[in-house]
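Reader: I would like to go through this model with some care, beginning with the chain as a whole and then turning to single helices and residues. Could you place it in front of us before I ask?

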Amino acid sequence: AIKAGALDAPDERKVHTRPIPRMGGLAIYAGFVLAILASMHVNREILGLLVGGTVILIVGIIDDLIQLSAKVKLLGQIAAAAVLVMFDIRIEWLTNPFGDMLYIDYFAIPLTILWVVGLTNTVNLIDGLDGLAAGVSTIAAVTILLVALQQNFWTVAILTAALAGS
């Protein structure tokens, strides 16, 4: 990041007083991908997650290097979410808090894209302090890991363990 000039300069909105290297997501991505490739069979859904993650990684690296506009970043996020949909990764059911499941049928694709873009921007918004987004994401991943283990969802458990570890 330093050699590429991908540095976050201090200003009145930042808490750091010297330039901080960007592209930390590249290390997280590499750790996640290596853990997944080393620990599980890559099926169509896992491949979709890895390809979608690669798309958002590329958008993030380009943004770190040349500061993309909000519209371009949003289009990149939508493209990454669309990759998931193309690999048949969709939110198809919603759980009613009173116990029933609601099949969302035709709304699965737009809801999946909205959900992925919304969560991507949520993490980006809390990424103002060093370690805040990574800390919150790790806590979320460990929580999902524990629930997945309790419910015997082994694929989800491996994915969230890899994410928490990376």
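Reader: What share of the contacts in the chain with a separation of 6 or more comes from residues 24 or more positions apart?

Author: This is a predicted model, in which local features need pLDDT of at least 70 and side-chain atom pairs count only at pLDDT 80 or more, while totals for chains, interfaces and linings use all residues. Residues are numbered from 1 along each chain as its sequence is written, and side-chain values use heavy atoms, with hydrogens and water left out. Taking contact to mean heavy atoms within 4.5 Å, the share that comes from residues 24 or more positions apart, among contacts with a separation of 6 or more, is 48%.

Reader: In what pattern do the helices and strands follow one another along the sequence?

Author: Helices (H or I, at least four residues) and strands (E, at least two) are DSSP runs, numbered from the N terminus. On that basis the chain has 6 helices and 4 strands, and its C-alpha trace spans about 50 × 30 × 30 Å along the principal axes. Read along the sequence, the pattern is β-β-α-α-α-β-β-α-α-α.

Reader: How many of the 166 residues, as a percentage, count as buried?

Author: Buried means under 20% relative accessible area, exposed means over 50%, and partly exposed lies in between, with a 1.4 Å probe and protein chains only. By that criterion, the portion of the 166 residues that counts as buried is 24%.

Reader: Which elements give two or more residues to the largest nonpolar core, and which of them gives the largest share?

Author: A nonpolar core is a set of buried Ala, Val, Leu, Ile, Met, Phe, Trp, Tyr and Cys residues joined through side-chain atoms within 4.5 Å. The largest one here has 8 residues, namely Phe32, Val33, Ile36, Met40, Ile46, Leu50, Leu159 and Ala162. Two or more residues each come from H1, H2 and H6, and the largest share, 3 residues, comes from H1.

Reader: Which residues does leucine 50 contact, once its neighbours within four places in sequence are left aside?

Author: Leucine 50 is itself a member of that largest core, as are Phe32 and Val33. With the neighbours within four places left aside, the contacts of leucine 50 are Tyr29, Phe32, Val33 and Leu37.

Reader: Which helices are included in what covers the buried residues of H6?

Author: Helix H6 runs over residues 154-165 and reaches 16 Å from its first C-alpha to its last, close to the 16 Å expected at 1.5 Å a residue, where the expected span is 1.5 Å times one less than the number of residues. Its buried residues are Ala157, Leu159, Thr160, Ala162 and Ala164. The cover over them includes helix H1 (24-39), helix H2 (44-66) and helix H5 (132-150).

Reader: Where is methionine 23 placed, and what is its phi?

Author: Most residues other than glycine have a negative phi. Methionine 23, which is buried with a relative accessible area of 16%, sits in the loop between strand S2 (20-21) and H1. Its phi is positive, near 70°.

Reader: Is threonine 112 buried or exposed, and with what relative accessible area?

Author: Threonine 112 lies in helix H4. Leaving aside neighbours within four places in sequence, threonine 112 is in contact with Val85, Ile89, Arg90 and Ile91. Threonine 112 is buried, and its relative accessible area is 4%.

Reader: How far apart in space are glycine 118 and isoleucine 78, C-alpha to C-alpha?

Author: Glycine 118 is found in helix H4 (residues 108-125) and is partly exposed, with a relative accessible area of 34%. Glycine 118 and isoleucine 78 are 40 residues apart in sequence, and their C-alpha to C-alpha distance is 10.0 Å.
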